[in-house]
Amino acid sequence: MTAADRPDSRTQYAALCYRTHKSTPEILLITSRTTRRWIVPKGWPMPDRTPAEAALQEAYEEAGVRGTVSNRCVGVFSYMKNISDGIDIPCVAMVFPVQVKTLTARFPERKQRRREWFSRKKAAALVQEPELADLLRNFDPRKLR
């Protein structure tokens, strides 16, 4: 069954990890485990966690992020998630901003991913999902207050 044959989509929660450097926001991107393309941390809903808390947990597991998450979803993006060889499912990711306080050296997926800081413009150019690129390009943490 191809993704086009599946009318349903799955929801994931994503972390838009940021810091402010010299008054300018920077975005933390990570690489995916298999294709090594640049993405934001994201994952499935978790029991007993709000969507924002799940996004923060994924930011820690995938990027070693310790920080503060906003409960306000700043946008959504859609993409196809490969769940096994040749099987893709449509997903919609709700995006929650995470202000990064520290990056830990040891985190669960440290040997499977790279992480790097980028300007909003560069981060937007590196991701493949157009909706995510728009979110990154236009993200302004001052509007969260």
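These entries record what I looked up on helix H3, the nonpolar cores and a surface patch.

Entry 1, basis. I am working with a predicted model, in which local features need pLDDT of at least 70 and side-chain atom pairs count only at pLDDT 80 or more, while totals for chains, interfaces and linings use all residues. Residues are numbered from 1 along each chain as its sequence is written, and side-chain values use heavy atoms, with hydrogens and water left out.

Entry 2, helix H3. I took helices (H or I, at least four residues) and strands (E, at least two) as DSSP runs numbered from the N terminus. In H3, residues 130-138, I found Leu132, Ala133, Leu135 and Leu136 buried, where buried means under 20% relative accessible area, exposed over 50% and partly exposed in between, with a 1.4 Å probe and protein chains only. The buried residues fall within an arc of 160° seen down the axis, so they line one face of H3; the arc is that of the directions from the helix axis to the C-beta atoms. Pro130 and Asn138, on the other side of H3, are exposed.

Entry 3, cores. I looked up the largest nonpolar core (buried Ala, Val, Leu, Ile, Met, Phe, Trp, Tyr and Cys residues joined through side-chain atoms within 4.5 Å). It has 22 residues, of which Leu16, Ile27, Leu29, Phe77 and Leu136 touch the most other members. E1, E2, E6, E7, H2 and H3 each supply at least two of its residues. Another core, of 18 residues, lies apart from it and includes Tyr13 and Ala52.

Entry 4, tryptophan 44. I located Trp44 in the loop between strand E4 (42-43) and helix H1 (51-63), and its 34% relative accessibility makes it partly exposed.
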